[in-house]
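Work through the exercises below with the sequence and the model side by side, and try each task before reading its solution.

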Amino acid sequence: MAGPTVVGGCAAAGFSGAECRLAPPCRAPGADRPSGPVGGMENQGVPPGPYRATRLWNEVTTSFRAGMPLRKHRQHFKKYGNCFTAGEAVDWLYDLLRNNSNFGPEVTRQQTIQLLRKFLKNHVIEDIKGKWGSENLDDNSQLFRFPANSPLKTLPRRHPELRKNRIENFSKDKDSIFKLRNLSRRAPKKHGLHFSQENAEKMNCEIINEHQENSIDNREISQKDVEEAWRYVILIYLQTILGVSSLEEVINPKQVIPQCIMYNMTNTSKHGVVILQDKSDDLPHWVLSAMKCLANWPRSNDMNNPTYVGFERDVFRTIADYFLDLPEPLLTFEYYELFVNILGLLQPHLERVAIDALQLCCLLLPPPNRRRLQLLMRMISRMSQNVDMPQLHDAMGTRSLMIHTFSRCVLRCAEEVDLDELLAARLVSFLMDHQQEILQVPSYLQTAVEKHLDYLRKGHIKNPGDGVIAPLPTYSYCKQISAQEFDEQKVSTSQAAVAELLENIIKNKSLPVKEKRKKLKQFQKEYPLIYQKRFPTSESEAALFGDKPTIKQPMLILRKPKFRSLRY
């Protein structure tokens, strides 16, 4: 479906909301454009919801058309107006992507070229002769221009009945009163879960027995209730952390498998890595040995490994081939929309929110996937920080190589999406930096489930077969603030801490006077404004040591002697 007609690279009509802020004012062909990326996209995020990757694509293409400078170029003794070279487009788009919170500074120049090739394939741009549809674009002086039609993609519209069913399955009313037993559940995938019954039943029995003691008049807690409580609590926490009114556009409650959560919470090693009871679901022994070799390089526990020039590169290639050959990404196709939506929390002032949200979402994964993700993140994180690691690529650093190699096997859509590579690279980069926190077991969940079951046990029921309406436990989180408020609070907090340091120096009675003067002099040099605020006058400073302010006496003025002339 063709979009609105554009003149000189800007839309004549049809922009609304976020798009109208990004669209440039109508101008005559050849008029000057901004020399750098437009600022709207840097500070503007795409809100959570379905098809977020498509909405991001529309945002990037709109920003590119709005801000890419157009000018006259000469080629083969002929002049072309309102166009740009491929190299100029790479420079401009590279800067835009690196300054956008959805992609971040990890974006490489090669990834930018790949995105421009997709622009050419999808007719976002065309060559100077009007050709498009291929990916024939390199970082050179080849000329390109914008076509007349808008490149915005249309969002798929879901069937009304499907939307209605999702809403009914998730919540029965606007007050978020959750009817636990009315939620439909699907049968869990195999994934070794049936081998984890001992630990799961042990945990469930402890919860059930605890609530059955001295509770003859209360409702009996069943295994089904325990499973639904896990689903309910993790959804409530996730909704609260993300700060959304509803999760219906992000995840379907039927996608949350309580058995996976309980297994990932209980069947772990002392380091928090999932232990699979069914070893057939585990990584092959040769892959584990290879990962252990590179993770501990050069201190490999297996001293029988042969070493030769390029040995570490061959080992790395073996590991990469295994993960890239997996039938689906580690985060699964099913949770693609969920993780893509969390990518919009990946900003400096929302880092804690992103960590907490990813911690919960990774608990939803099938245990074999979670174990592979944990081992992979531990390996590439160690390799990226290992200064003794030999160079594994001739033109790429170790960290960039890890992100470039494994991003596709961590996150991708079942149907190819144009921004998959950039979004996956952003997520893998964040996972590498925070893998210890994100992939550990949150202890607060167990406590929250026990409290919720206690609410359920004391809840009111009309008939034994009816759904049980449980009072909603109160979970409080810090209120999200803007980036400007975050910076202001950071400055004020830092100044308060420095002022407190000054007071400690002043009130320290055990500090010799000479040493105290020295420290105050040094403090005054480093933080003159805070020091002046504490000691606005010289009298207030002198009062600290009980000294009288020294007033310089006027210098003795001597009358110059009059020299008499030697002449008489």
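Helices (H or I, at least four residues) and strands (E, at least two) are DSSP runs, numbered from the N terminus. This is a predicted model, in which local features need pLDDT of at least 70, side-chain atom pairs count only at pLDDT 80 or more, and totals for chains, interfaces and linings use all residues. Residues are numbered from 1 along each chain as its sequence is written, and side-chain values use heavy atoms, with hydrogens and water left out.

**Exercise 1.** Locate Pro298 and describe the peptide bond that leads into it from Trp297.

Solution. Begin with the loop between α10 (285-295) and α11 (311-324), which is the place of Pro298. Then inspect the bond from Trp297 to Pro298, which is cis, with omega near 0°.

**Exercise 2.** Trace the pairing of β4 with β3 and with β6, bearing in mind that two strands pair if DSSP finds at least two bridges between them.

Solution. First take β3 (residues 71-75) and β4 (residues 78-85), which run antiparallel and are joined by 4 bridges; within this pairing, His73 has Tyr80 of β4 as its bridge partner. Next consider the connection, for β3 and β4 form a hairpin with 2 residues between them. Finally, turn to β6 (residues 143-145), which pairs with β4 in the antiparallel sense over 2 bridges, and where Phe144 stands opposite Phe84.

**Exercise 3.** Compare His76 and Thr332 in backbone angle, and decide for each: is the residue buried or exposed?

Solution. Start with the angles: His76 has a positive phi of about 55° although it is not a glycine, and Thr332, which is not a glycine either, has a positive phi of about 65°. Then place them, His76 in the loop between β3 and β4 and Thr332 in the loop between α11 and α12 (336-342). For the last step, buried means under 20% relative accessible area, exposed over 50%, and partly exposed in between (1.4 Å probe, protein chains only). His76 is therefore exposed, at 70%, whereas Thr332 is buried, at 4%.

**Exercise 4.** Examine the span and the burial of α3 (residues 52-67).

Solution. The expected span of a helix is 1.5 Å times one less than its number of residues. With 16 residues, α3 reaches 22 Å from its first C-alpha to its last, close to the 22 Å expected at 1.5 Å a residue. As to burial, 16 of the 16 residues of α3 are buried, so this helix is largely enclosed by the rest of the structure.
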